[in-house]
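Dear colleague,

I am handing over the structure below, and after it you will find notes on what turned up when I went through its helix packing and its salt bridges.

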Amino acid sequence: MELEFLYDLLQLPKEVAQPTEEELPRGGKKKYLSPNSKSNPKFEELQKVLMEWINTTLLPEHIVVRSLEEDMFDGLILHHLFQKLASLKLEVEEISLTSASQRHKLGVILEAVNQNLQVEEKQAKWSVETIFNKDLLATLHLLVALAKRFQPDLPLPDNVQVEVIHIESTKTGLKSDKQVEQLTECKSHKDQPLQDAFDELFKLAPEKVHAVQEAIVSFVNQKLERLGLSVQSLDTQFADGVILLLLIGQLEGFFLHLKEFYLTPSSPTEMLHNVTLALDLLKDEGLFSYPVNPEDIVNKDAKSTLRILYSLFQKHSLRAEGGGAHHATPN
């Protein structure tokens, strides 16, 4: 009767698996999404957007996700998705048939994911246990984090909140608590995706892009001359991060030990490490605030590469000219 009363009080749906004493021993904890949260249009829209994103990303591999709750738990799809997004190869079995091997595979994948996202395991809102046990909330937290990392322009519904019911077995019986978890951020107008001069340049005046590139190439080559280096293509020669790091070192007076980066990167992972380090240096110096994904540089995105180089050009060409006025953005 106590269990029935508790679930009636919490308005848990009867189809939700209710813990028995065996399933929830003393000290045990379980949590459930409230029925209202599950049927919330924004919550449903979030799942739809994430599924479409995964299916579009994995279309070349003929992989289709129909349920985030049922299709992600064994690591198979997560394995393909993360490899595709991060441009790396994970040393795990392609197909895992037993629970033990699936858990092991999931552990390897999540370790790599957490490292890429720079999230400590104890701080992550997901784990091997929660993902493997088809915890939809944990799965959504993980996918939202991946989307924000690798495709920040993905149109996720903003301010998605869910009510989570926590149940704990104690000496005096079952205790319950309701908490609200935030799945996506609340965006104000100033939080909307930024538009800068380069968006306008590429959209409205593509014929001027070449002139801007030539000016920046000339600036870069002038600064790299003392190192015996030269650049002909902004799109390709900065993709591995090496020249970018050397350029930043020259301009900002940094000494980078060879142990800190890969001088001859041989994989996308090493290239990504270099570019991420370069972006961190620029941000630390207050030179660059526009959000750019390191993956875009590695993937030779011209607009992203120009944004980064222009931040250096803007500061140091101005200094060389000895002026005191703000150097305008390209128009």
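**Salt bridges and helix packing**

E129 has a relative accessible area of 42% and is therefore partly exposed. Please keep in mind that this is a predicted model. The side chain of E129 meets that of R103 in a salt bridge, at 2.3 Å from N to O, and the pair joins distant parts of the chain, since R103 sits in helix α6 (residues 99–117) and E129 in helix α7, 26 residues apart. R103 has a relative accessible area of 29%, so it too counts as partly exposed, given that this class lies between 20% and 50%.

The structure holds 5 salt bridges, and two others deserve a description here. One of them brings together the side chains of K134 and E70, at 2.8 Å from N to O; K134 lies in the loop between α7 (128–132) and α8, whereas E70 belongs to helix α4 (residues 68–71), which puts the partners 64 residues apart. K134 is partly exposed at 30% relative accessibility, and E70 is likewise partly exposed at 40%. The other is formed by R149 and E295, whose closest N and O atoms are 2.9 Å apart; this pair links helix α8 with helix α14 (residues 294–298) across 146 residues, and both R149 and E295 are buried.

Helix α8 also takes part in two helix packings. Helix α5 (residues 76–86) and helix α8 (residues 136–150) pack at an angle of about 15°, with their axes 11 Å apart, and because angles under 35 degrees count as roughly parallel, the two helices are placed in that class. The crossing of α5 past α8 is left-handed. On the α5 side the contact is made by L78, L81, F82, L85 and A86, and on the α8 side by L142, L143, L146 and F150; by class, these are 9 nonpolar residues, with no polar and no charged ones.

Helix α3 (residues 41–57) packs against α8 at an angle of about 55°, with the axes 11 Å apart, so that α3 is oblique to α8. Here, too, the crossing is left-handed. F43, L46, Q47, L50, W53 and I54 of α3 meet L136, L140, L143, V144, L146 and A147 of α8, and this contact divides into 11 nonpolar residues, 1 polar residue and no charged residues.

With best regards

Notes. Residues are numbered from 1 along each chain as its sequence is written. This is a predicted model: local features need pLDDT of at least 70, side-chain atom pairs count only at pLDDT 80 or more; totals for chains, interfaces and linings use all residues. Side-chain values use heavy atoms; hydrogens and water are left out. Axes are lines fitted to C-alpha atoms, for helices over the stretch in contact, and angles run from 0 to 180 degrees between N-to-C directions. Helices (H or I, at least four residues) and strands (E, at least two) are DSSP runs, numbered from the N terminus. Angles under 35 degrees count as roughly parallel, over 145 as roughly antiparallel, 65 to 115 as roughly perpendicular and the rest as oblique. A crossing is left-handed if the near helix is turned anticlockwise from the far one by less than a right angle, and right-handed if clockwise. Contact means heavy atoms within 4.5 Å. Ala, Val, Leu, Ile, Met, Phe, Trp, Tyr, Cys and Pro count as nonpolar, Asp, Glu, Lys and Arg as charged, and the others, Gly among them, as polar. A salt bridge is a side-chain nitrogen of Lys or Arg within 4 Å of a carboxyl oxygen of Asp or Glu. Buried means under 20% relative accessible area, exposed over 50%, partly exposed in between (1.4 Å probe, protein chains only).
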